[in-house]
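Hello,

Please find the structure below, with the sequence alongside. My notes on it follow.

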Amino acid sequence: MFRFAQTAPMSPPARRPRRLLLVTTATAASLVLAGCGAGGGGGDVDPEDANGWSQEFAGTELNVLAEATLNSEILAELAPEFTRMTGIEVAIETAPFAQLVQSVTLDFSTSQGDFDVVSIPYDYLGAYAGSDYLEEITPLIEANADKVGPEFNQEDILPGLWDTAAVWNGKYYGMPSNSAVTMMIYRADLFENETEKAAFAAQYGYELAPATTWQQYSDIAEFFTRDAGEQLAGETLTEPVYGVTIAGKRHEAAVFEWINYANSFGGGVVSPEGELVVDSEGSVESLEYMNSLGEFAPPGYTSATWDEVTAQLQQGIAAQAISWGDTAGAMENPDQSAVVGKMGYGDVPVSAEGDDPHALHGAWTYTISKEATDVNAAYLFVAWALSAPVQKAIGEKGGVPATRSAFEDADLIATLPSWPQQLTSLENALARPRNAEWPQMLEQLALQVSNALVGESTPEAALGKAQGDITGILGDKLPLKAF
Amino acid sequence: MNTSATAERPPQVSAPRRRPRGLDSRQRWTRIGMQAPSLVILLVVLAFPLVYSLSLSFQSYSPVDPEANGQWIGLGNYARMFQDTQFGQAILVTIAYVVLAVALETVIGTAIGVWLSRLMRTRRLVTSFLLLPMIATPLVVGLMFSFGLNAQFGYMTDALQALGLVGEAGVLDSPAGAFAALVAMDVWEWTPFIALMVLAGLSAAPQAQIQAAQIDGCNTAQLYWHVMLPMIRPVIGVAILFRATEAIRQFDQVYILTGGGPGSATTVNDIFQYRVSFTAFDMSYGAALGIATFLVVAVLAWILFRFLGRKGAQ
């Protein structure tokens, strides 16, 4: 089986043991500095509010850029608390994916230093870390071990997620800012309906249950595809229902969906040795499989992205999908969803019984710019964003945290049915490539996956073309040394 | 003033009288000073990017690839352009899109313009309605069509299905359907522009020739076909030029409606260039594509202006 990125387990950077003496010294120093700061134009900060966080950087102003997501909104809401404790002022700017990447690239490449902390999609790690735009985080962790509050515990960050999000060429360049991960989302109420179970068993010869293999996934997709007027779970349908929904537009959504299939068909993009395997047997087989699901997907799936997939699940017109775990909140939101309490969440299926399931990471990463006003103050912000209370608040408000304690929090598990599966998926997920050329590779894959889905070319021909074009892009960099 | 002294001098016929040098210089500097703000703006927004892009197009530069750090590669990017089948496909799609959309807009717009010219009481009202599509921003038009053509819930899809023109998967599911949707969107938005230009041209047409043709026994169709439309041909030519240069730069609506897909069916030149420059961050190749596009549009405009100039002279 090919993996999509080097996610060899690495030991997270060691954190110095906290020493009482150091804390006391730091607190005393911060008190002195805070006092000096008050008179010298620094931030207005009360030492009693520190809560264990250093106030040494009071008065520093940080600009943070993050994707326009719920996580970022929640962080912006909570940021005044960070300012109260540390005296560091934070301005959080958000932007959609494409604009964020363009703004960040412009800022980094021109050394403008407009942003101190940037949350980047992890597949740009090679582009930014490889171009020496990012601060390595390990030295900052060590240098500021006595300046972070006791609520931050780096051991709590999910190790696989952290490796995917931040390790480039053996070094850590940030910390995960969210934990998006794929999973199987399905209509649990339909799977539990006795009439449907009996009909399924009669038709396919085995019991209806959430799919664990792609064959079952396909059977279930076929079984639940019904026309208007037919019966579903004892009710007459007024609209058709589809067994599956797919993101098939010429868009990264289609590529990421295909990677979920390819992961378990033994295909993918890059082999562990760094060779391109886009046109390998497993890759072709997985795209053929994805194509075959189109028969049971809502019409027009070739112009659908994640938005349409989420909407179709929410409206109850699709029985299952491979999608992002952070859409689970939308499924359970009564203002938006017709399927509240009806959804189930499972592992991404596998090719054959007994194979290990693999989800796909969709994480983002807090990185610190080399041009940051104060890299230590920036690190304090990142540490605070990953501290236990902030992570729990992110979970409570519908975002996706990156720490184990948040996913194992009893209060959160009680209210978020997808929570245990998100943790399981995060622990078995693989990464997509993160080399500097990945954006160009992604473009070629998006084009050819789309060509295959609309029948412009066969999956074999499409992936063969993608392999050729990507080989041209990578040139003598093959086999890839870091990805 | 001593007039008798000057009268005795021989008349200076050939040499023009020279104005005092100081005044000339002052006037020149005043003129330059008055024009300076607009000249500086033009330099900043037009000349600088053009020169910078030209320079970039001879380099290999990507802000996310440390190995592409601006080294000089001569005509490498231009050579790559000629071997790039995806760029070739984008050019073909763009040509097909511009020719089809502008041709349809011209034919329908001219017909509507003629019809408007014959309206008496309701012309203002109808003209106001015709302006509505043009007022909408391209992004909004793209979103309108995106919702309308949604395969499950789109009202346009429902209408087309009721007419038996599309199947269950809707318009955007097939390469031909998606391309047709783009053309239809442009025609919907910009046909009124041609219609209004034609109407303006017809309103300003000289009445003498029209009356002469009427006296000679031309019926209405002959009057429009043989007299009035030829008279406003330059106006139609300018309208086509405007529309063609706009359509060549089509981006927003394609980005919203199809993203260039399915496959590369709707990947017009600007979408292709956007992807090269701002998704793949291959800035120097993107710059070469931009320069090539600029040259093509400039040549097209020059040909059209020469054509119009000849027609005007005739």
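In chain B of this predicted model, helix H6 covers residues 138–148, and its buried residues are Val141(B), Gly142(B), Phe145(B) and Gly148(B). Looking down the axis of H6(B), these buried residues fall within an arc of 135°, so they line one face of the helix. The general background is that an α-helix has 3.6 residues a turn, so residues three or four places apart point the same way. What lies over the buried residues of H6(B)? The cover includes four helices of chain B: H5 (123–135), H7 (155–162), H8 (175–203) and H12 (252–257).

As for chain B as a whole, it has 14 helices and two strands. Its radius of gyration is 27 Å, whereas the globule rule gives 20 Å for 314 residues; the value is well over the rule, so chain B is more spread out than a compact globule. The C-alpha trace of chain B spans about 100 × 75 × 30 Å along its principal axes. Of the 314 residues in chain B, 41% are buried, where buried means under 20% relative accessible area. Taking the contacts in chain B between residues at least 6 apart in sequence, 65% join residues at least 24 apart. The exposed area of chain B is about 18,300 Å², and 68% of it is supplied by carbon and sulfur atoms.

Turning to chain A, there is an open sheet of five strands with mixed pairing, in the order S2-S1-S3-S12-S6. Which strands stand at its edges? They are S2 (89–95) and S6 (175–178) of chain A; each has a single partner strand, so one side of each is left without a neighbour in the sheet. On average, neighbouring strands of this sheet are turned by 30° against each other, direction ignored.

Within the sheet, strand S3 (residues 117–121) and strand S12 (residues 364–368) of chain A run antiparallel and are joined by five bridges. Ser119(A) stands opposite Tyr366(A), which belongs to S12(A).

Two helices of chain A are in contact with these strands. Helix H2 (residues 70–86) of chain A packs on the sheet and touches S1 (61–67), S2, S6 and S12 of chain A. The direction of H2(A) makes about 175° with that of S2(A). Helix H14 (residues 375–385) of chain A lies across S1, S2, S3, S6 and S12 of chain A, and runs at about 155° to S12(A).

Regards

Key. Residues numbered from 1 in each chain as written. Chains lettered and ligands numbered in written order. Predicted model: local features only at pLDDT ≥ 70, side-chain atom pairs only at ≥ 80, totals over all residues. Heavy atoms only, no water. Buried < 20%, exposed > 50% of the residue type's maximum accessible area, 1.4 Å probe, protein only. Arc of directions from axis to C-beta. Contact = heavy atoms within 4.5 Å. Pairing = 2+ DSSP bridges. Axes fitted to C-alpha atoms, helices over the stretch in contact; angles between N-to-C directions. Rg over C-alpha atoms; globule rule 2.2 N^0.38 Å. Areas by Shrake-Rupley, 256 points an atom, 1.4 Å probe, with all protein chains shown as cover.
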